[in-house]
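Visitor: Good morning. Could we go through this structure together, one part at a time?
Guide: Certainly; please have the sequence and the model in view.

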Amino acid sequence: MSDTVLTDNPLLSIDTGFRSYLNAYTRSFQNHIIDGQLDYAFDSDFAVRQKIVGLPGWGKLSKAINTVDVSAEAKRLFLTCEQAGALKYPEIYDILKSSCERLELNLPIVLVRKDYGKPLIYSIASDLIEPSIVITKELVDSCSKEELELLIGAECGRIQNNHSAYNWAITYLNFNRNTYKPSERSYKGAVNSQVVGALIDWVKYADITADRAGMICMSNPGRFIEVICGLLNKGYIDFYGRSFEKADAAKLREITVQTHTTAVRSLKADASLDSTERRIVASAEFLTCDSLFKWRNDLVNTDSHSCTGQICDVRSNIIIAGGQ
């Protein structure tokens, strides 16, 4: 009898060795790194950030952001926000866990903010604080599960791709009157005009990286266009202060289908589209990219027009050309 129990007990097949525990705990996305960047990240996002790092004035600005601004924001948030967990905001915590499993990312902290009064989500990270995602109670209450998957997944992607300092730098620019203003902006000098131009250019590329991360984290990535348009139709305003309530999912779906079957040599930017529409169509190219299916083994790519990550980047660059 005891031999039967020992033979049939499934718990005995679990490897409890320390090495297995260590491998699981330190599981990371290193297998997805190509030439120093993640395989799903938009190449132009990485390239422009590399350019910004070499520009005069960026060193002092980024130091002020990382040592003062982000820390001040984090201190205020940790004193005023509620942390999502298994007992408090479990629906948010479950989406976070799923997103981090899909992106092979260690769990950031999620803080639910009640004092902002508007639907908003953003992330903060530096060498001094734990990476954190901040989501307002208004956004939690107004979003469906699909919308939260996209938004939380996108912020996990921003953390994974080290966007925080660049996002915070945008708050120093006259980028948009509705751009989020943090509690502390300690850099008192004028931002170098080259840095300003490069940061404004960077935002549109960073959006595509974040959108791709959001798609990886969605239960049904194929609904990306419908979900992001639904958010915008509600009047959603992002961290950069942008909104676009006229987003037409059916129109963009049709354009995406036409664009997707057009060869690279014949592909052109559609000047009739708003910059937000171009961004959505450019991001949607990832839905048939090999990289998506490397991250999501549970999905099957049945599209005969699938492409490599490199070709996907070329196509997205053509589509988004000229948008600000």
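Guide: Let us begin with a term: two strands pair if DSSP finds at least two bridges between them. Please also keep in mind that this is a predicted model.

Visitor: How many bridges join strand 4 to strand 6, then?
Guide: Strand 4, residues 109-113, is joined to strand 6 by five bridges, and the two strands run parallel. One residue pair to look for is V110, whose bridge partner in strand 6 is I133.

Visitor: And in which sense do strand 5 and strand 6 pair?
Guide: Strand 5 and strand 6 pair in the antiparallel sense, over five bridges. Here I124 has S132 of strand 6 as its bridge partner.

Visitor: What joins strand 5 to strand 6 along the chain?
Guide: A hairpin joins them, passing through two residues.

Visitor: Is strand 6 mostly covered or mostly open?
Guide: Strand 6, residues 129-136, is mostly covered, with six of its eight residues buried.

Visitor: Let me change the topic to S164. Where is it placed?
Guide: S164 belongs to helix 8, which spans residues 164-170.

Visitor: Why does S164 count as buried?
Guide: The cut-off for buried is under 20% relative accessible area. S164 has a relative accessibility of 9%, and therefore it counts as buried.

Visitor: Which residues does S164 touch?
Guide: Leaving aside residues up to four places away in sequence, S164 touches V70, S123, I124 and A125. In the case of A125, the side chain of S164 reaches the backbone nitrogen at 3.1 Å. I124 is also the residue that is bridged to S132 in strand 6.

Visitor: Now, empty space. How many cavities of 30 Å³ or more does the structure hold?
Guide: The structure holds one cavity of 30 Å³ or more. About 350 Å³ of space lies in the largest cavity.

Visitor: Which residues are closest to its centre?
Guide: The lining of the largest cavity has 24 residues, and L151, R158, Y236, D238 and R279 are the closest to the centre.

Visitor: Which element gives the largest share of that lining?
Guide: Helix 7 gives the largest share, with five residues. Elements that each supply at least two lining residues include strand 5 (121-126), helix 9 (193-217) and helix 12 (275-284).

Visitor: What classes of residue make up the lining of the largest cavity?
Guide: The lining has 13 nonpolar, four polar and seven charged residues.

How values were computed
Residues are numbered from 1 along each chain as its sequence is written. This is a predicted model: local features need pLDDT of at least 70, side-chain atom pairs count only at pLDDT 80 or more; totals for chains, interfaces and linings use all residues. Side-chain values use heavy atoms; hydrogens and water are left out. On a 1 Å grid over the protein atoms alone, a cavity is a set of points where a 1.4 Å probe fits but cannot get out, and a pocket is an open set with protein on both sides within 12 Å along at least five of seven lines; lining residues have an atom within 4 Å of a point. Grid points are joined across faces, edges and corners, and a volume is the space filled by probe spheres set on the points. Helices (H or I, at least four residues) and strands (E, at least two) are DSSP runs, numbered from the N terminus. Ala, Val, Leu, Ile, Met, Phe, Trp, Tyr, Cys and Pro count as nonpolar, Asp, Glu, Lys and Arg as charged, and the others, Gly among them, as polar. Buried means under 20% relative accessible area, exposed over 50%, partly exposed in between (1.4 Å probe, protein chains only). A polar contact is a pair of N or O atoms within 3.5 Å; within protein, one must be able to donate a hydrogen and the other to accept it, and residues adjacent in sequence count only if both atoms are side-chain atoms. Contact means heavy atoms within 4.5 Å.
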